[in-house]
Amino acid sequence: MQCEMCGKESSLVQANVEGAVMSVCSECARFGAVLETPQRIIAAKEKVKRMQEKPEEEEEVILVKKNYASLIKHAREKREIKHEDLGKALAEKVSLLQAIEAGNKEPNFDLAKKLERFFDIHLLETVKLENKHHSNESVGGMTIADIMKKKLKK
Ligand SMILES: [Zn+2]
C-alpha cells in the first residue's frame, strides 16, 4: 500500500487531512485526523474486553513430556510388542518409532496421541505460560498505544 501523501510503502491509516479522507502512512497521519475504521475499533474493543475479563491472561500449551522415550519404551516392553508390530498397528515408520524411543526425536502431537491411546499412557501435558505481551499486540499493524498517541497529538 502506498501513502497518498508521501508515496511511501507502508501500512496505512485513513486520515482526514484538511477535509479530504486519504490513506496515509503513520508519518503523514500526523498532519490529519486519523479515522478509525470500524474493524479497527471492534478489534480494539474486543481486546480491551478480553484484557478486562482475564487480567492475568495465561496461555496454555500442550507439550510432550520430557521422559517420553522411556515412557514409550517401558509401555512397549511391558506388552512385549515389537517395533515392527507397533509400526503396523499405528501405521507409522518403524525407524521413526525407534528414533522416538531412543530419545532422538520427539513425537508430534498426532503420534503422541496415538501412542497414548495405544498404550493407555500419558505422554502429553498442558503447561501454562504467562502472557507478557499485552501492550505489544498489534491491531491492523498498529499497536493500541500508537492509536492512542495519534489521538493525543491532534
Ligand atoms: Zn506518508
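This briefing describes the overall make-up of one protein, its zinc site, its nonpolar cores and a few of its helices and strands. The model is predicted, and the protein in it has 154 residues, of which 31% count as buried. Its secondary structure comes to six helices and seven strands, and a zinc ion is coordinated by four cysteine residues, namely C3, C6, C25 and C28.

**Overall make-up**

- Read along the sequence, the helices and strands of the protein follow the pattern β-β-β-α-β-α-α-α-α-β-β-β-α.
- Among the contacts in the protein with a separation of 6 or more, 51% are accounted for by residues that lie 24 or more positions apart.
- The protein exposes about 10,800 Å², and carbon and sulfur atoms supply 51% of this area.

**The zinc site**

- The zinc ion is held through the SG atoms of C3, C6, C25 and C28, which lie at 2.3 to 2.4 Å, and in sequence these donor residues are spaced C-x2-C-x18-C-x2-C.
- The four donor atoms make angles of 106 to 113° among themselves, and the site of the zinc ion is tetrahedral.
- Of the donor residues, C25 and C28 can be named as buried.

**The nonpolar cores**

- The largest nonpolar core has 17 residues, and those with the most contacts inside it are Y68, I72, L86, L90, L115, F119 and L123.
- At least two residues of this core come from each of the helices α2 (68-78), α3 (83-90), α4 (94-101) and α5 (109-119).
- Another core, which lies apart from the largest one, consists of ten residues, including L12, V13, M22 and A29.
- When residues up to four places away in sequence are not counted, L90 touches L97, L111, K114, L115 and F118.

**Helices α4 and α5**

- In α4, the residues L97, I100 and E101 are buried; seen down the axis of α4, its buried residues fall within an arc of 95°, so they line one face of the helix.
- These buried residues of α4 pack against α2, α3 and α5, and just after α4 comes G103, which takes a positive phi of about 80°.
- In α5, the buried residues are L111, A112, L115, E116 and F119; they fall within an arc of 140° when seen down the axis of α5, so they too line one face of the helix.
- On the other side of α5, by contrast, D110 and R117 are exposed.
- As background to such one-sided patterns, an α-helix has 3.6 residues a turn, so residues three or four places apart point the same way.

**Two positions with distant partners in sequence**

- K73 has its place in helix α2 and is partly exposed, with a relative accessible area of 35%.
- Although K73 and Q98 are 25 residues apart in sequence, their C-alpha atoms are 9.3 Å apart in space.
- V61 is found in strand β4, which covers residues 58-64, and V61 is partly exposed, with a relative accessible area of 24%.
- V61 and T126 are 65 residues apart along the chain, while a distance of 5.7 Å separates their C-alpha atoms.
- Leaving aside neighbours within four places in sequence, V61 is in contact with E125, T126, V127 and L129.

How values were computed: Residues are numbered from 1 along each chain as its sequence is written. This is a predicted model: local features need pLDDT of at least 70, side-chain atom pairs count only at pLDDT 80 or more; totals for chains, interfaces and linings use all residues. Side-chain values use heavy atoms; hydrogens and water are left out. Donors are N, O and S atoms within 2.8 Å of the metal (3.2 Å for Na, K and Ca); water is not among the atoms, so sites may look incomplete. Four donors count as tetrahedral if all angles lie between 85 and 135 degrees; four count as square planar and six as octahedral if opposite donors are over 155 degrees apart and all others between 65 and 115; anything else is irregular. Buried means under 20% relative accessible area, exposed over 50%, partly exposed in between (1.4 Å probe, protein chains only). Helices (H or I, at least four residues) and strands (E, at least two) are DSSP runs, numbered from the N terminus. Contact means heavy atoms within 4.5 Å. Accessible areas come from the Shrake-Rupley method with a 1.4 Å probe; for residues, only the protein chains shown count as cover. A nonpolar core is a set of buried Ala, Val, Leu, Ile, Met, Phe, Trp, Tyr and Cys residues joined through side-chain atoms within 4.5 Å. The arc is that of the directions from the helix axis to the C-beta atoms.
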